[in-house]
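Thanks for coming, everyone. I would like to walk through one model with you, going from its surface to its charged contacts and then to its strands.

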Amino acid sequence: MNDVILPSMFLGQELVEAIKLVLKNSEGNSAPILSSGRVYGGSINECYRLNAGSSSYFLKVNSARRFPNMFLLEAEGLRRLREAGATV
């Protein structure tokens with residue numbers, strides 16, 4: 001079976017393999033990535049929708065060198081919004 005290629009200026013083969021491993025181990029989903037597509041709308045991240053079996057995943061990719069701790073800071077902001085009662 002041919003693997004779906006995840007195109008990106010940031011994704012190297014090592015990261016693609018890590019993504020496949022995470023998907024394989026998450027929620028018992030052992031289905032391969034069947035399709036992927038770029039999701040547009042932001043200007044900082046590259047975003048993709050990954051379809052694996054009956055599940056879909058949203059993948060955000062960025063350069064840790066250019067934007068260190070960005071995802072950690074984003075997670076903290078989302079946590080604070082939830083604590084304030086916002087739907088996130």
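Let me begin with Val-88, which counts as exposed because its relative accessibility is 51%, and the cut-off for that class is over 50%. Please keep in mind that this is a predicted model. Along the chain, Val-88 is found in the segment after helix 2, the helix that spans 70-83. Which residues join Val-88 in a nonpolar surface patch? The partners are Leu-78 and Leu-81, and the patch that these residues make with Val-88 has an area of about 240 Å².

Let me turn to the charged side chains of helix 2. The count of salt bridges comes to four, and I will go through three pairs, which concern Glu-76, Arg-79, Arg-80 and Glu-83, residues that are linked in a network of salt bridges.

Starting with Arg-79, its side chain meets that of Glu-76 in a salt bridge with an N to O distance of 2.4 Å, and within helix 2 these residues are three apart, about one turn of the helix. Arg-79 also forms a salt bridge with Glu-83, where the closest N and O atoms are 2.2 Å apart, and here the spacing in helix 2 is four residues, again about one turn. Glu-76, for its part, forms a salt bridge with Arg-80, with 2.8 Å between the closest N and O atoms, and this pair, too, lies in helix 2 with a spacing of four residues, about one turn.

How accessible are the members of this network? Arg-79 counts as partly exposed because its relative accessibility is 32%, and Glu-76 falls into the partly exposed class with a relative accessible area of 28%. Arg-80, on the other hand, has a relative accessible area of 54% and is therefore exposed, while Glu-83 is exposed with a value of 58%.

Finally, the strands. Strand 1, residues 33-39, and strand 2, residues 46-52, pair in the antiparallel sense, and six bridges are found between them. As one of the pairings, Ile-33 has Ala-52 in strand 2 as its bridge partner. Between the strands of this hairpin there are six residues, and in the hairpin Gly-41 takes a positive phi near 145 degrees.

To close, I would come back to helix 2, where Glu-76, Arg-79, Arg-80 and Glu-83 are linked through salt bridges, and to the nonpolar patch of Leu-78, Leu-81 and Val-88.

Note on methods
Residues are numbered from 1 along each chain as its sequence is written. This is a predicted model: local features need pLDDT of at least 70, side-chain atom pairs count only at pLDDT 80 or more; totals for chains, interfaces and linings use all residues. Side-chain values use heavy atoms; hydrogens and water are left out. Patches are made of residues with over 30% relative accessible area and no salt bridge: like charges are joined within 9 Å, nonpolar side chains (Val, Leu, Ile, Met, Phe, Trp, Tyr) within 5 Å. Accessible areas come from the Shrake-Rupley method with a 1.4 Å probe; for residues, only the protein chains shown count as cover. Helices (H or I, at least four residues) and strands (E, at least two) are DSSP runs, numbered from the N terminus. Buried means under 20% relative accessible area, exposed over 50%, partly exposed in between (1.4 Å probe, protein chains only). Two strands pair if DSSP finds at least two bridges between them.
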